[in-house]
Amino acid sequence: MRIGVIGQVGSYHLETSSLRKQCNPKLRCQQEAAAALSKYNKGNFTNPAVCFREISLSWSTQKKMKRNGLECRAEATGSIRATAASIEVGSSERSPSSLEIAGANIVETMFQPVLDAGPPDHSARRVSKVTVVGVGNVGMACAQTIITQDLADQIALVDISANKLRGEMLDLQHAAAFLPRADIVADTDYAITAHSDICIVTAGARQREGESRLALVERNVSFFKQIIPELVKYSPNAILLIISNPVDALTFVAWKLSGFPSNRVIGSGTNLDSSRFRWLMANRLQVNAHNVHGYIVGEHGDTSVPLWSSVNVGGVPMIQFLQDKGILVEKDTLEELHRMVVDGAYEVIKLKGYTSWAIGYSAASLVKSLLRDQRRIHPVSVCAKGFHGIEDEVFLSLPAELGRSGIIGILNIPLTEEETQKLQASAKALAEIQRKLDI
Ligand SMILES: NC(=O)c1ccc[n+]([C@@H]2O[C@H](COP(=O)([O-])OP(=O)(O)OC[C@H]3O[C@@H](n4cnc5c(N)ncnc54)[C@H](O)[C@@H]3O)[C@@H](O)[C@H]2O)c1
């Protein structure tokens with residue numbers, strides 16, 4: 001076994017079988033190779049099976065390997081060239097990085113380095129990576145939206161269904177000519193998620209028609225016990241973005257299981273509910289939803305709270321403005337609109353079986369604020385203890401400023417007495433669920 005470099009792109013391929021005779025004595029077996037790569041590539045590739053994939057190492061890693069006497073060939077040898085297309089040992093998968101025709105490397109033939117070129121410095125390039133766990137309707141809507149909006153350089157997809165994963169990966173890759181460039185990888189092995197900036201979790205059972213989100217919780221906690229420790233192992237500095245329902249309880253579960261600080265564990269919460277709210281209002285006012293500002297806070301679900309007192313249209317506080325004009329806004333009208341927000345998901349599920357597009361865009365908006373340090377304010381599920389008189393360590397949505405480090409701060413939004421009471425009731429309902437969880 002040995003490690004070779006193919007062309008000038010710094011991609012390494014591990015190879016066995018025909019090359020055994022030329023073995024570097026320092027790399028005699030799979031396990032040794034795995035250990036070596038693990039050591040010199042920040043512990044990414046501890047599983048020997050993973051080593052038999054294409055592995056990209058930076059030039060600084062190559063130098064480190066050389067210094068430590070590990071074989072690192074700067075030129076492609078004939079036999080390595082010949083096997084460049086067959087990367088995975090024992091599999092017929094083809095390498096996307098190199099093409100051979102009649103013994104000629106087509107990449108090297110078509111592209112030549114400029115005069116006096118240095119080696120590519122991969123370490124200088126900041127690669128943003130987003131993992132999506134669960135490639136169902138929601139996971140794929142998230143992945144697709146993130147790619148379309150050019151938010152990440154790498155997308156790693158993980159699921160328990162290997163066939164579905166490969167099918168979804170290929171389907172997205174086939175759109176490469178129409179999309180911003182992104183590396184899309186997929187595997188049931190969490191090693192591919194290594195060094196993610198954000199890990200989005202959409203895996204799990206989804207709501208059945210008429211099923212409350214809270215009834216889902218026990219089913220999904222058991223999935224999280226498998227998923228979260230794996231994500232933490234490979235991306236200890238990531239931000240976790242939880243979408244699986246019931247999202248508030250599962251964000252709490254993810255926080256507990258991960259051991260991450262609470263600013264790096266976020267639930268998509270009422271970001272979507274607030275969009276539904278703004279859309280309903282915008283529709284009635286015949287104005288762009290971007291100009292209608294208002295938050296739904298609390299639980300992503302039945303006990304959510306619409307903050308009518310702070311709704312504004314183009315900067316004009318709506319309820320106050322109407323009152324000043326002597327127009328009485330009937331409570332029933334407001335409650336009906338809120339009911340439509342809460343029932344929105346159930347209606348879509350009844351009609352098409354699941355929700356996907358809106359949550360995909362909601363997730364992408366959160367990823368953009370986080371990865372690009374946009375410092376936008378989103379109502380998302382956060383550890384709410386200490387805010388608005390909430391005493392429990394409960395996760396629910398509050399307007400939060402999001403940036404590269406996760407939650408930067410919670411907006412001190414003034415609430416009426418009634419809004420405060422409803423928010424506290426929502427917190428109590430969620431705390432009750434949390435207490436029952438086996439965490
Ligand atoms: N927070 C929100 O606003 C919001 C909105 C819509 C849906 N959701 C939730 O998102 C979740 C996914 O919904 P969906 O419609 O995509 O469901 P789906 O059934 O289409 O997809 C779920 C995927 O998870 C995978 N999976 C199951 N267990 C797994 C495990 N242990 N590890 C990895 N993958 C696993 C399944 O194979 C499947 O591909 C549900 O919990 C749903 O209620 C949340």
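Let's start with strand E8, residues 183-187. Its side chains alternate. Ile184 and Ala186 point to one face, and both are buried. Asp183, Val185 and Asp187 point to the other face, and these are not buried. That is the pattern of a regular strand, where side chains alternate between the two faces of the sheet. One caution before I go on: this is a predicted model.

E8 has a partner, strand E7, residues 154-158. The two run parallel, joined by 5 bridges. To find the register, look at Ala156: its bridge partner in E8 is Val185.

Just ahead of E7 there is a residue to look at. Asp150 sits in the loop between H6 and E7. Its phi is near 55°, a positive value in a residue other than glycine. Most residues other than glycine have a negative phi. Is Asp150 buried or exposed? Exposed, because just 12 other C-beta atoms lie within 10 Å, and the cut-off for exposed is 12 or fewer. Asp150 also has a distant partner in sequence: Leu179 is 29 residues away along the chain, yet 8.2 Å away in space, C-alpha to C-alpha.

Ala102 is another case of this kind. Its phi is near 50°, again positive in a residue other than glycine. Ala102 lies in the loop between strand E4 (100-101) and strand E5 (104-105). With 5 other C-beta atoms within 10 Å, Ala102 is exposed.

Now strand E9, residues 198-201. Here both faces are covered. Ile198 and Ile200 are buried on one side, Cys199 and Val201 on the other. What does E9 pair with? Strand E6, residues 129-133, pairs with E9 in the parallel sense over 4 bridges. Strand E10, residues 239-242, is also parallel to E9, again with 4 bridges. For the register, Val130 has Ile198 as its bridge partner in E9. Ile200 has Leu241 as its bridge partner in E10.

Beyond E10 comes a loop that runs to H9, and Pro246 is in it. The peptide bond from Asn245 to Pro246 is cis, with omega near 0°. Most peptide bonds are trans.

Asn245 brings us to the ligand. There are 30 residues around the ligand, and Asn245 is one of those that come nearest, along with Gly134, Gly136, Val138 and Ala203. Which elements give two or more residues to that shell? Helix H6 (137-148) and helix H8 (217-234). By class, the shell has 13 nonpolar, 14 polar and 3 charged residues.

Next, a small sheet. Three strands form an open sheet, in the order E12-E15-E16, with antiparallel pairing. Strand E12 (292-293) and strand E16 (316-317) stand at the edges. Each has a single partner strand, so one side of each is left without a neighbour in the sheet. Between E12 and E15, residues 312-313, there are 2 bridges. Val292 stands opposite Val313 in E15.

The loop between E14 and E15 holds Leu307. Leu307 counts as buried because it has 22 C-beta neighbours inside 10 Å, where 20 or more is the cut-off. What does Leu307 touch, leaving aside neighbours within four places in sequence? Gly294, Tyr295, Val297, Ile413, Leu415 and Glu419. Ser274 is 33 residues from Leu307 in sequence and 10.0 Å from it in space, C-alpha to C-alpha.

Glu419 takes us to the last helix on my list, H14, residues 417-436. At 1.5 Å a residue, its 20 residues should span 28 Å. The end C-alpha atoms are 29 Å apart, which agrees. Which residues of H14 are buried? Glu419, Leu423, Ser426, Ala427, Leu430 and Ala431. These cover an arc of only 140° around the axis, which puts them on the same side of H14. The spacing fits the general rule: an α-helix has 3.6 residues a turn, so residues three or four places apart point the same way.

The face of H14 turned away from that buried side carries exposed residues: Glu417, Glu418, Glu432, Arg435 and Lys436. What covers the buried side? The cover includes helix H9 (247-258), strand E13 (296-297), strand E14 (305-306) and strand E18 (395-403).

Last, the whole chain. It has 14 helices and 19 strands. Of its 439 residues, 39% are buried. Take contacts between residues at least 6 apart in sequence: 68% of them join residues at least 24 apart.

Technical notes. Residues are numbered from 1 along each chain as its sequence is written. This is a predicted model: local features need pLDDT of at least 70, side-chain atom pairs count only at pLDDT 80 or more; totals for chains, interfaces and linings use all residues. Two strands pair if DSSP finds at least two bridges between them. The expected span of a helix is 1.5 Å times one less than its number of residues. The arc is that of the directions from the helix axis to the C-beta atoms. Two residues are in contact if their C-beta atoms, placed from the backbone, lie within 7 Å. A residue is near a molecule or strand if its C-beta atom, placed from the backbone, lies within 6 Å of it. Ala, Val, Leu, Ile, Met, Phe, Trp, Tyr, Cys and Pro count as nonpolar, Asp, Glu, Lys and Arg as charged, and the others, Gly among them, as polar.
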